[in-house]
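Me: I would like a close look at one part of the structure shown below. Please take your time and set that part in its wider context.

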Amino acid sequence: MLRQVLHAGLKSSFHALGRFVASHPVFFASAPVLISILLGASFSRYRVEENVEYLLAPKHSLAKIEGNLVDSLFPVNRSKHALYSDLQTPGRYGRVIVTTRKGSVLDPLHLDTVLKLHRRIYQMQVTVPATGFNSFNYSFSYLCLPDDKNICIIDDIIRAMEEIQSSRTSNRSAPILRYPITQLADGRQAYIGHQLGGVQGWGPGGVVRSPGSGAKGEGVRSARALQLTYYLQARGGLMDRVASQWEKAFCAELHRFAALHPKLGLYPSTSSSLRTDFQFSSVLARRPLLASLGVCSVLAVLCCSMRDCVRSKPWLGLLALLSITLSGLTAAGILNLTGATYNSTYLGIPFIMLGHGLFGSFEMLSSWRRTRDDQHVKERVAGVFEDVMLRFSGSTMLHLMTLGLAASPLTNMEAVRLFCRTAALAVTVSYVYTLSFYSSCLVFTGYLETGYRHGCFCRRVPKPDQLDSKPAWYRCLMYTRYEDETHSQTTNPPLGVGHDHTHMPNPNLTHTNAHTNAHTANNPTSHGHSHVADPALTPHTHPHVHTPATPDPHPQDSHLLLACVRCCYGDWITNTYVKPFVVLLYLVYISFGLMGFLQVTQGSDPSALVAMDTATVLYARAQQRYFSSYSPVIGFYIYESAPYWNTSVQRDLLEYAKGFQRISWLESYLNYLSERNQSTSQSRENFTRTLRHSFLREPQFTHFADDIIFAERGQGEEPDVAASRVFLVAKTTENKREEMSVLLDTLRRLSLTSRVRFLIFNPSFVYLDRYAAAVSSPLRHSLLAVLFLLGLSSLAVVEPLVSVWLGLTLLSVQFGVLGFMTLWGVELDCMSVLCLISALGHSADCSGPLLCGFASGRGDSRTRWVRVALERHGVPSLQTLICYSAALVPVGCIRSNLTHTLFRCLTLTAGCSALHTLAFLPTLLTFLPPSKGRGHRPGGDGQRQEVECVEMNDSTRVVDQITTV
């Protein structure tokens, strides 16, 4: 009872709203345009988010806390060996990978060229500001990150190459370069695993080893790649601007150098490369998005066109897209005024608005065509609102629920939260503009139709007797059906069938609950339609009565898609012999979806979200090809005072580092003590005194002073080792990021049980830590929110079986999209999760009206109501999917990883939604609940009984026989 009361109240409210909008069309048409123009002027405040880590890394993770602790203990100028990672390094830097087309980078010719490049970069200057009397020239020596001796930090491989060049010049034997840890001329050991790539080493007996397969300390025979890094310091705003200009000059200098030396391949990367290339996808997408809008406009015009030039509404297709464009402009203006920033993930928002807005527009147009021509425009618009807006509002609520919960603080990834917040705002504005702007446009076109004006040229269409003298093309262009012409063709004037085959009022008859068909429900030759009072839809109209001389017995069939669904597809999809194949197709769909679901992989690599053929992608490919043998340098930080002099503690620390390539002060110190025949188990005072006054003063061990923090105990006492660090590098394969994630989890579990408090950190860990939970939780929360909303609404507004069917449909579509996108090579990353969240609302838009239309029908067979639901709601869904899919085609041509992910996921969303709406649901509903009872309403003595309309066919005519039961 509560459901019926709320349903009737909501429909009455929308009826009143539709009448109000139809009474003030000028205001509702002009107000959105003015608001959009005013808010569009705020684009002077347009800002782009520049912090990619803020967007793509989990917001709350242990890696960020560990990074802050590391930065507080060890300043960045002491972390030279830990600044190597796959994609990003803290602070400003310039980096280049040098490869050879042929030979080795250590060959004399290539070695001299690389050192020449190094000198050019070292001497390169930038002028800031570019013009003016206050301009200054800044070189790398001024901007570089200095060490404790105030000397620019450069890579150890440069010093090794200079030693080789010097030895060759003086005719001395060149020092042996070992890999991955070599010894420099000053006796210091240096890790060069990330500075030489594609290494072939000398094995025992002079055997040549394959690249990267040698043991520790093997001699280097050849190397295909070399990586150089130039660290910059940014002290304050001015130095940051200077460093930014230096990075641009660095890339330009490398391009010029590569043109002069074609035998070398140069792949530059800077601290701003990831940010620039991530936002470059938006630049590349400008023209394809305009092309998408153009293609969608053409198809929307075609979808709104009919053979009848008066009842055709081609301008409504363009006006629907204009409404969506205005709502997007308004939402963008609101974001600009609130100080929000933009990023490339927002490229998916226009398609969310497009799918939802076109769905509402085509549903309203379909409902308009079912209204009576003899009604006033205000009544017709009010009827459209009463019929459509309840379903459209429900689908909007589903959109807002999924996007709103994903935009809540529960979401741990900022890119997902910002996208969903912006998309929710855009959907809300689009909904309001559909109720106002598009509805007022429907009112204007309704008045044009009432005045028998051409739907495209807006001029009055001549009557048939005036068209007889015109050419054939003119008669075809001006074809329409006048009211008096339609009345003259009917054989039963009291019923007064209009152009849209609706009944004219008859004072002698009262239509009650059901008209049944004389044919069986599964008879494909039966074309009569039942007239059923529908609580969720406008009353279904009875087929018009016609004579054999009528040239167009079904005026609505002059719309091509509606004619195809009514005459062909509806009968075919509900055919008894087709149903088994559709069920088999659904089983295949589920099987392949399960196959892909079991292979879902994480996509924590930010380079998968940048434009193709950019510096970031080319650099990442070169790094994966030549430097994938070893993991990024991992900092092993002991952040509390530990008894390093204890033998068991020493054994534990050495055991933790076992199996890694390492640069360890503790291991070197213990070897130092052993070489001097001193015990490694000493008292605290002796251990610390020897460490400070002997070991750290040796030239080859001086650099270890940056890895140890001493804490004073008191006057006359030796200080404690308060904190220290060790650098570890793991041997990896091609799946470096997956192995790093496993290694991170393993070492963290070890830190929980160790007697020594330690942590591990690398800048790339902020993308790996808790990434799976951060990516999947918004999708999980949105799906649960939708199911909860459907369950709650079934108690008050929607029939329970509709909620059950819609929930199962959403789960099925989501499962299919997730499985097929994995089979298509899409990883579960930030962009794919955003598409999966939007897929919930899109599938609800397509499937919801069909389910409501079917469930609300009474008094006829399942097959008949499936056909009716396909005619009423399947056609608008099909029109939406056609325009939506065509708009996606130009996006697939953009050279960007982000847009490729967007295209694949949205294409799968449209395809899976189309399969469920047009194939799976129409078939399954013919033999699964809800059932269609044929019960009669209880009637008393003074109540009029049901009226049954039966179509009787013979070889010459169709007679509409009215029988009172």
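Which residues are linked with Asp 308 in a network of salt bridges?

Reply: The network of salt bridges holds Asp 308 together with Arg 311, Lys 313, Asp 373, Arg 380 and Glu 449, where a salt bridge is a side-chain nitrogen of Lys or Arg within 4 Å of a carboxyl oxygen of Asp or Glu. The model is predicted, and for that reason local features need pLDDT of at least 70 and side-chain atom pairs count only at pLDDT 80 or more, while totals for chains, interfaces and linings use all residues. Residues are numbered from 1 along each chain as its sequence is written, and side-chain values use heavy atoms, with hydrogens and water left out.

Within that network, the side chains of Asp 308 and Arg 311 meet at 2.7 Å, taken from N to O. Asp 308 is buried because its relative accessible area is 6%, and Arg 311 likewise counts as buried because its relative accessibility is 11%; buried means under 20% relative accessible area, exposed over 50%, and partly exposed in between, with a 1.4 Å probe and protein chains only.

The structure as a whole holds 30 salt bridges, and two others give a useful setting for the network. In one of them, Arg 895 pairs with Asp 613, with the closest N and O atoms 2.9 Å apart. This pair links distant parts of the chain, 282 residues apart, since Arg 895 sits in the loop between α29 (862-888) and α30 (897-924), and Asp 613 in the loop between α19 (579-597) and α20 (615-626). The helices named here (H or I, at least four residues) and the strands (E, at least two) are DSSP runs, numbered from the N terminus. Arg 895 is partly exposed because its relative accessibility is 45%, and Asp 613 is partly exposed too, with a relative accessible area of 47%.

In the other, the side chains of Glu 718 and Arg 692 meet at 3.3 Å, N to O. Glu 718 lies in the loop between β12 (708-711) and β13 (720-729), whereas Arg 692 belongs to helix α23 (residues 684-693), so this salt bridge ties together parts that are 26 residues apart in sequence. Glu 718 is buried, with a relative accessible area of 13%, while Arg 692, at 28% relative accessibility, counts as partly exposed.

Helix α13 (residues 377-406) contains Leu 390, and this residue shows a link across the sequence that does not rest on charge pairs. The C-alpha atoms of Leu 390 and Lys 11 are separated by 6.9 Å, although these positions lie 379 residues apart along the chain. Leaving aside residues up to four places away in sequence, Leu 390 touches His 7, Leu 10, Lys 11, Phe 14 and Phe 385, contact meaning heavy atoms within 4.5 Å. Leu 390 counts as buried because its relative accessibility is 15%.

A covalent link can be set beside these pairs. A search of the whole structure finds 1 disulfide, that is, a pair of cysteine sulfur atoms within 2.5 Å, and it joins Cys 144 to Cys 152 with their sulfur atoms 1.9 Å apart. The torsion about the S-S bond of Cys 144 and Cys 152 is about -70°, so the disulfide is left-handed. By contrast, Cys 458 is in no disulfide, and the nearest cysteine sulfur, that of Cys 456, is 7.5 Å away.

Strand pairing adds another kind of connection. Strand β1 (residues 92-100) pairs with β8 in the antiparallel sense over 8 bridges, two strands being taken to pair if DSSP finds at least two bridges between them. The partner of Arg 95 in β8 is Thr 229. Strand β4 (residues 178-179) also runs antiparallel to β8, joined by 2 bridges, and Tyr 179 has Glu 218 as its bridge partner. Strand β8 (residues 218-232) is mostly covered, with 13 of its 15 residues buried.

For the wider context, the secondary structure of the chain comes to 30 helices and 16 strands, and buried residues make up 56% of its 965 residues. Among contacts between residues at least 6 apart in sequence, 76% join residues at least 24 apart.
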